[in-house]
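This report looks at one helix and its surroundings, then at the ligand site and the confidence scores. Please keep the structure open while reading.

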Amino acid sequence: MNTDLRAELSTRKSVFFLVMNYRKVAIIVAGGAGTRMQSATPKQFLELAGKPVLLHTVEAFAAAYDDMEIVLVVPEAHFAYVDTLLKPAPAVSRITVLGGGETRFHSVRNGLQKAENAVVFVHDGVRPLVSPSLIRSCYEAALAHGSAIPVVEMKDSIREVNGGMNKAVNRDHYKIIQTPQTFLSEILLPAFELPYDPLFTDEATVVERLGHRVHLVPGEESNIKITKPLDLTIAAALLKERGQ
Ligand SMILES: Nc1ccn([C@@H]2O[C@H](COP(=O)(O)OP(=O)(O)OP(=O)(O)O)[C@@H](O)[C@H]2O)c(=O)n1
Ligand SMILES: C[C@](O)(CO)[C@H](O)COP(=O)(O)O
């Protein structure tokens with residue numbers, strides 16, 4: 001065997017073993033209060049097509065990969081309820097439940113306690129329509145590029161509003177950002193040692209602060225975030241269309 005071929009095979013073997021050694025860890029954050037939904041029950045526990053919003057989300061991640069480990073971050077006051085909620089969940093043995101923090105950033109940071117040596121998916125518990133195929137495409141892209149941030153196109157015209165003025169901007173320069181935001185743990189974990197900044201509304205922003213460029217991948221229009229009551233109506237209609 002010539003030297004070049006031997007070197008090539010050796011590199012491929014190392015990449016293969018590296019990929020084989022990565023765990024798959026989904027941090028599903030559901031530690032919020034859902035103030036914009038204005039419901040007595042936090043929106044992640046509201047019923048959607050016969051089961052709690054959060055259970056749909058957990059099921060999508062469990063279905064994506066048999067070896068997916070799931071870390072569920074929820075308000076501590078709801079631990080007992082979540083135990084009951086998870087009883088019918090597939091792969092309940094793969095789920096760890098942890099307490100939420102003051103903001104989404106703090107909840108993610110709590111969830112990252114057990115995420116070493118992994119491809120880490122950070123997902124909003126209130127995006128219950130995420131598909132297993134989007135989760136898998138984020139995984140492949142994160143292995144290849146270090147990160148994968150799902151995005152969709154803007155459909156409306158947009159304006160920048162600042163100091164009492166407003167002006168049209170080119171919407172082609174903007175994308176709508178979704179989750180699961182997916183990273184190799186060696187990129188994500190050091191970023192979450194940064195002090196909190198209110199601009200950290202997602203993980204891409206945190207990682208970027210450390211100087212990394214993030215890789216965008218196509219998201220799904222149906223992967224909506226349940227934020228206000230209308231979103232629940234839309235989600236129910238989309239699930240009905242899927243026959244769920
Ligand atoms: N302290 C927090 C705040 C938010 N989240 C989670 O982050 C996701 C996206 O946040 P958002 O839609 O803003 O949820 P809430 O903060 O609950 O809603 P609101 O801002 O309307 O209060 C949700 O799954 C939410 O539960 C969290 O885990 N911990
Ligand atoms: C992470 C996110 O869902 C990406 O769109 C979004 O930034 C969450 O923002 P929110 O203010 O917590 O709803």
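## Packing around helix H5

In this predicted model, the cover over the buried residues of helix H5 includes five strands and one helix by name: strand S1 (23–29), strand S6 (118–124), strand S7 (147–152), strand S11 (181–184) and strand S12 (216–218), together with helix H2 (53–64). The residues of H5 that are buried are Leu134, Ile135, Cys138, Tyr139 and Ala142. Viewed along the axis of H5, these buried residues lie within an arc of 145°, and they therefore line one face of the helix.

On the face of H5 that is turned away from this buried side, the exposed residues are Ser133, Arg136 and Ala144.

## Geometry of helix H5

Helix H5 runs over residues 132–145, which makes 14 residues, and spans 20 Å from its first C-alpha to its last, close to the 20 Å expected at 1.5 Å a residue. Just after H5, glycine 146 adopts a positive phi of about 95°.

## Surroundings of ligand 1

Around ligand 1 there are 21 residues, of which Val29, Gly31, Gly32, Arg36 and Ser107 come nearest. By residue class, the shell around ligand 1 is made up of eleven polar, five nonpolar and five charged residues.

## Confidence

The average pLDDT of the protein is 93, and 92% of the residues score at least 70, while the model as a whole has an ipTM of 0.98 and a pTM of 0.93. Where pLDDT is low, the predicted coordinates should not be read in detail.

Technical notes: Residues are numbered from 1 along each chain as its sequence is written. Chains are lettered from A and ligands numbered from 1 in the order in which they are written. This is a predicted model: local features need pLDDT of at least 70, side-chain atom pairs count only at pLDDT 80 or more; totals for chains, interfaces and linings use all residues. A residue is near a molecule or strand if its C-beta atom, placed from the backbone, lies within 6 Å of it. Ala, Val, Leu, Ile, Met, Phe, Trp, Tyr, Cys and Pro count as nonpolar, Asp, Glu, Lys and Arg as charged, and the others, Gly among them, as polar. Helices (H or I, at least four residues) and strands (E, at least two) are DSSP runs, numbered from the N terminus. The expected span of a helix is 1.5 Å times one less than its number of residues. A residue is buried if 20 or more other C-beta atoms lie within 10 Å of its own, exposed if 12 or fewer, and partly exposed in between; C-beta atoms are placed from the backbone. The arc is that of the directions from the helix axis to the C-beta atoms. Two residues are in contact if their C-beta atoms, placed from the backbone, lie within 7 Å. pLDDT is the predictor's confidence in each residue, from 0 to 100.
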